[in-house]
Amino acid sequence: QVQLVESGGGLVQAGGSLRLSCAVSGSFFSINAMGWYRQAPGKQRELVAVVTSAGTTTYVDSVKGRFTISRDNDKSTVYLQMNSLKPEDTAVYYCNGRIQTRWKSLSEGTYWGQGTQVTVSS
């Protein structure tokens, strides 16, 4: 019954900004890691950014300096702030979570959001 609900996608001009949100709902013990993936037509799904429970963040090279991933633990929500958007950022963005539903570590599973479209016009 764990669900990841995304919001914040849309159509923007090159150079603009968007902030994506992903809220975790349902019953869970802990969120061990959250990340954002994206998939453009005809391309493989790629990891864009990830943040661990320890706060460590990583980014794909193409978004470094432009995108920022962050967490709000009280709201069980992860954000992706996207600045200086480029047409090549156009894709469906998916939220991903490594979520533990019980105190045992083996209860950790992978969960996906429904995807949100980001379109950047030139």
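# Exercises on an all-strand chain

From the N terminus on, the elements of the chain run β-β-β-β-β-β-β-β-β-β-β. The model is a predicted one, and the exercises below work through it from the whole chain down to single residues.

## Exercise 1. The chain as a whole

Task: Find how many helices and strands the chain has, and work out how its radius of gyration stands against that of a compact globule.

Solution. Step one is the count of elements, which gives zero helices and eleven strands. Step two is the comparison: with 122 residues, a compact globule would have a radius of gyration near 14 Å, and because the chain has 14 Å, the two agree. Step three turns to the outline, where the C-alpha atoms fill a box of roughly 50 × 25 × 25 Å along the principal axes. Step four looks inside the chain, where buried residues make up 39% of the 122 residues. Finally, among contacts between residues at least 6 apart in sequence, 54% join residues at least 24 apart.

## Exercise 2. The largest nonpolar core

Task: Identify the residues that touch the most other members of the largest nonpolar core, and then follow the contacts of Y93.

Solution. The core holds 26 residues, and those that touch the most other members are W36, L80, M82 and Y93. The next step is to ask which strands build this core: β3, β4, β5, β7, β8, β9 (91–100) and β11 (116–121) each supply at least two of its residues. Taking Y93 as the example, and leaving aside its neighbours within four places in sequence, one finds it in contact with E6, L20, W36, Y37, R38, V48, F67, L80, M82, G115, T116 and V118. This list includes W36, L80 and M82, which are named with Y93 among the residues that touch the most other core members.

## Exercise 3. The largest pocket

Task: Describe the largest pocket by its volume, by the residues closest to its centre and by the strands that line it.

Solution. The volume comes to about 160 Å³. Of the 16 lining residues, I31, M34, R71, N73 and S76 are the closest to the centre of the pocket. Strands β3 (18–25), β4 (30–39), β5 (46–52), β7 (67–72) and β8 (77–82) each supply at least two residues of the lining, and the largest share, four residues, comes from β4. Sorting the lining by class completes the description, with eight nonpolar, six polar and two charged residues.

One of the residues closest to the pocket centre, S76, deserves a further step. S76 is found in the loop between β7 and β8, and its phi is near 50°, a positive value in a residue other than glycine. Its relative accessibility is 17%, so S76 counts as buried.

## Exercise 4. Two glycines in loops

Task: Decide for G115 and for G65 whether the residue is buried or exposed, taking under 20% relative accessible area as buried and over 50% as exposed.

Solution. G115 has its place in the loop between β10 (108–112) and β11. The relative accessible area of G115 is 17%, and therefore this residue is buried. Apart from its neighbours within four places in sequence, G115 is in contact with E6, V92, Y93 and Y94. G65, for its part, has its place in the loop between β6 (57–59) and β7. Its relative accessible area is 83%, so G65 is exposed. As a last step in space, G65 and M82 are 17 residues apart in sequence and 9.7 Å apart, C-alpha to C-alpha.

## Exercise 5. Three serines

Task: Place S21, S30 and S84 in the chain, and state what can be said about the surroundings of S21 and S30.

Solution. S21 lies in strand β3, and because its relative accessibility is 15%, it counts as buried. Not counting residues up to four places away in sequence, S21 touches V5, E6, S7, W36, T77, V78 and Y79. S30 is found in strand β4, and under the corresponding exclusion S30 touches I99 and Q100. From S30 to A49 there are 19 residues in sequence and 19 Å in space, C-alpha to C-alpha. S84 has its place in the loop between β8 and β9, with a positive phi of about 50° although S84 is not a glycine. At 40% relative accessibility, S84 counts as partly exposed.

Technical notes. Residues are numbered from 1 along each chain as its sequence is written. This is a predicted model: local features need pLDDT of at least 70, side-chain atom pairs count only at pLDDT 80 or more; totals for chains, interfaces and linings use all residues. Side-chain values use heavy atoms; hydrogens and water are left out. On a 1 Å grid over the protein atoms alone, a cavity is a set of points where a 1.4 Å probe fits but cannot get out, and a pocket is an open set with protein on both sides within 12 Å along at least five of seven lines; lining residues have an atom within 4 Å of a point. Grid points are joined across faces, edges and corners, and a volume is the space filled by probe spheres set on the points. Ala, Val, Leu, Ile, Met, Phe, Trp, Tyr, Cys and Pro count as nonpolar, Asp, Glu, Lys and Arg as charged, and the others, Gly among them, as polar. A nonpolar core is a set of buried Ala, Val, Leu, Ile, Met, Phe, Trp, Tyr and Cys residues joined through side-chain atoms within 4.5 Å. Buried means under 20% relative accessible area, exposed over 50%, partly exposed in between (1.4 Å probe, protein chains only). Contact means heavy atoms within 4.5 Å. The radius of gyration is taken over C-alpha atoms; the globule rule is 2.2 Å times the number of residues to the power 0.38.
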